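Me: I would like to work through this protein step by step, with each reply showing how the answer is reached.

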Amino acid sequence: MRYALLKTMEPGTPLIPVFKHIDQNKIDKFGVLSGSTGSVHVDPAFCANLPFKTTLAHGFLTMAYASEMMEVNFGMDWAATGSIEVKFIGQAHPGDTVLTQGTITGTERTAEGLRVECELSINNQNDKKVLAGTASLVCKNAADGAHANG
């Protein structure tokens, strides 16, 4: 995505959120693509006897939604310069709808452009936290307080 939707980059600005519905098909496909096809992710019959009663979405599948949110907000600047650090706090299961959201926490003008720091989180439909973390990037063509990535 070349043209980001975010129009201002001042601390306190909320990021445009991303909603995703998780189903077993997405979990299975992610498992094949990532090489992580363990029973806890892809075998509902195996998981039926475990405490959580159903399969678990891969942590990196949920983290991909955080990266997608950053791309929605910052476009190619995220793809070119972004970094992310997260903690997996809870679980996501088939049938969950997760909300990925974030806030700009700081900006700093550097020789490379405007460095932007963000806090982010992912919660399920019951407002239980699945993931929390931080992300940063350099917006190369941004004026202070405005995003001019076009």
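Me: Over how many bridges do strand 2 and strand 5 pair, and in which sense, parallel or antiparallel?
Reply: This is a predicted model, and in this model strand 2 covers residues 83–88, while strand 5 covers residues 129–139. One pair of facing residues is Lys-87 and Ala-132, the latter in strand 5. The two strands run in the antiparallel sense, and the number of bridges between them is 6.

Me: Which residue of strand 5 is the bridge partner of Arg-115?
Reply: Strand 4, residues 114–123, also pairs with strand 5 in the antiparallel sense, here over 10 bridges. These two strands form a hairpin with 5 residues between them, and in the turn Asp-127 has a positive phi of about 60°. Within strand 5, the residue that partners Arg-115 is Val-138.

Me: How many residues of strand 5 are buried?
Reply: Strand 5 pairs with strand 2 and also with strand 4, and it is among the elements that give two or more residues to the largest nonpolar core. The strand is mostly covered, and of its 11 residues the number buried is 8.

Me: Which element gives the largest share of the largest nonpolar core?
Reply: This core has 31 residues, and those touching the most other members are Met-9, Met-70, Phe-74, Val-116 and Leu-120. Two or more residues come from each of helix 1, helix 4, strand 3, strand 4 and strand 5. The largest share, 8 residues, comes from helix 4.

Me: Is Leu-15 buried or exposed?
Reply: Leu-15 lies in the segment before strand 1, and Met-70 is in contact with both Leu-15 and Leu-120, among others. Although Leu-15 and Leu-120 are 105 residues apart along the chain, their C-alpha atoms are separated by 8.9 Å. Because its relative accessible area is 5%, which is under the 20% cut-off, Leu-15 counts as buried.

Me: Which residue meets Glu-68 in a salt bridge?
Reply: The structure holds 2 salt bridges, and one of them joins the side chains of Arg-115 and Glu-117 at 2.9 Å, N to O. The other links distant parts of the chain, with Glu-68 in helix 4 and its partner in strand 1, 48 residues apart. Glu-68 is partly exposed at 29% relative accessibility, and its partner, also partly exposed at 22%, meets Glu-68 at 3.1 Å, N to O, and is Lys-20.

How values were computed: Residues numbered from 1 in each chain as written. Predicted model: local features only at pLDDT ≥ 70, side-chain atom pairs only at ≥ 80, totals over all residues. Heavy atoms only, no water. Buried < 20%, exposed > 50% of the residue type's maximum accessible area, 1.4 Å probe, protein only. Helix = DSSP H or I, 4+ residues; strand = E, 2+ residues; numbered from the N terminus. Pairing = 2+ DSSP bridges. Core = buried A, V, L, I, M, F, W, Y, C linked by side-chain atoms within 4.5 Å. Contact = heavy atoms within 4.5 Å. Salt bridge = Lys/Arg side-chain N within 4 Å of Asp/Glu carboxyl O. Lists of a residue's contacts leave out its neighbours within four places in sequence.
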